Amino acid sequence: GPRLAGGWVTRMTAQGHALRPPDGPAHEGQRLGVAFLHPPSETRIQTSMDGVCVAMGGRPFLLSSSSDAGTRLTIEALRHLWQSEGPALLSRLGGTFWLAILDPNRGETLLAVDRHAAENLFYVANGDELAFATRLSMLAEHPLVARRVTPQAVFDYLYFHCVPGPETIYAGARRLLPGHYLHQRDGTARVGAWWQPSFPAA
């Protein structure tokens, strides 16, 4: 199957749409692809001439400096923000969204979800390999996912009636928590919070 580095799910489905960004200098000889189950009206994907691929879903907007209201975020604006600000762009976003940016020139991948994780992203990282999807059932089709149900996940489901994040029912497969991101650079993936709630003093 296709090698993954910097991480796109390569599972192609009839319900989704797919593309293959051109190989960049950091990914010479590696095949990269992406497929999503969201309808095309909810998913925007753009690949620039320099090979940077940007995808997002939901209803994101750019925060205004004067209020919480903002302007609708376009895929072109997101790509320009990435080029100028890198992962720091997340602090400027509001609304509900998931996003994924693959930049073969920098050798970086960024995944992120909104402050409340109204939109989901599931992922599995193994060394310099990374696969992600908007649905766990889709991610489970990828060979990086062992599809082995863990005893702890079974216990959590029976006790809590859910599997608390970031874990999922499958070993090695995880879900991004609200306000969290995954940033992969030079084969190393880091997960952290780009936003945390703050409460004014009483």
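How many of the six residues of strand β11 are buried? In this predicted model, the count is five, and strand β11, which covers residues 180–185, is therefore described as mostly covered, since buried means under 20% relative accessible area.

## Strand β11 and its partners

Strand β11 pairs with β7 and with β12. Strand β7 is made of residues 108–113, and five bridges join it to β11. The two strands β7 and β11 run antiparallel. Within this pairing, Leu-110 has His-183 of β11 as its bridge partner.

The pairing of β11 with β12 is also antiparallel and takes in six bridges. Here His-180 stands opposite Ala-193 in β12. The strands β11 and β12 form a hairpin, with two residues between them. Asp-186 lies in that turn and has a positive phi of about 50°.

Strands of a sheet pair through backbone hydrogen bonds, and the pairing is either parallel or antiparallel.

## The sheet of β9, β8 and β10

An open sheet of three strands has the order β9-β8-β10, and its pairing is antiparallel. Strand β9 (129–133) and strand β10 are the edge strands, as each pairs on one side only. Two bridges join β10 to strand β8, which holds residues 122–126. Tyr-123 stands opposite Arg-174 in β10.

Arg-175 also belongs to β10, a strand made of residues 174–175. What does Arg-175 touch, apart from its neighbours within four places in sequence? Its contacts are Asn-120, Leu-121, Phe-122, Tyr-123, Val-163, Pro-164, Gly-165, Pro-166, Glu-167 and Thr-168. With Val-163 there is a polar detail to add: the side chain of Arg-175 reaches the backbone oxygen of Val-163 at 3.2 Å. Arg-175 can also be compared with Phe-132 in position. These two residues are 43 residues apart in sequence, and their C-alpha atoms are 9.4 Å apart in space.

Two of the contacts of Arg-175, Gly-165 and Pro-166, are joined by a peptide bond that is cis, with omega near 10°. Pro-166 is placed in the loop between α3 and β10.

## Aromatic rings

A search of the whole structure finds three aromatic pairs. One of them is formed by Phe-97 and Trp-194, and it is tilted, with 6.1 Å from centre to centre and 35° between the planes. Phe-97 lies in strand β6 (residues 93–103) and Trp-194 in the segment after β12 (188–193), so this pair ties together parts that are 97 residues apart in sequence. Phe-97 and Trp-194 are both buried.

Another pair is that of Phe-155 and Tyr-159. The ring centres are 5.7 Å apart and the planes lie at 10°, so this pair is stacked. Why are Phe-155 and Tyr-159 separated by about one helical turn? The reason is that they are four residues apart in helix α3, which consists of residues 151–160. Phe-155 has 47% relative accessibility and counts as partly exposed, whereas Tyr-159, with a relative accessible area of 58%, is exposed. Ring pairs link Phe-155, Tyr-159 and Phe-160 into a cluster.

A ring can also have a charge over it. The charged end of Arg-106 sits over the ring of Trp-82, 4.8 Å from the ring centre.

## Positive phi in two loops

Two residues have a positive phi although neither is a glycine: Ala-117 and Arg-147. The table sets out where they are found and how accessible they are.

| Residue | Phi | Place | Relative accessible area |
|---|---|---|---|
| Ala-117 | about 50° | loop between β7 and β8 | 15%, buried |
| Arg-147 | about 60° | loop between α2 (136–139) and α3 | 45%, partly exposed |

Ala-117 counts as buried because its relative accessible area of 15% is under 20%. Arg-147, at 45%, is partly exposed.

Key: Residues numbered from 1 in each chain as written. Predicted model: local features only at pLDDT ≥ 70, side-chain atom pairs only at ≥ 80, totals over all residues. Heavy atoms only, no water. Contact = heavy atoms within 4.5 Å. Polar contact = N/O pair within 3.5 Å; in protein donor to acceptor, adjacent residues only side chain to side chain. Pairing = 2+ DSSP bridges. Phe/Tyr/Trp six-rings, centres within 6.5 Å; stacked < 30°, edge-to-face > 60°. Buried < 20%, exposed > 50% of the residue type's maximum accessible area, 1.4 Å probe, protein only. Lys NZ or Arg CZ within 6 Å of the ring centre and 35° of its normal.
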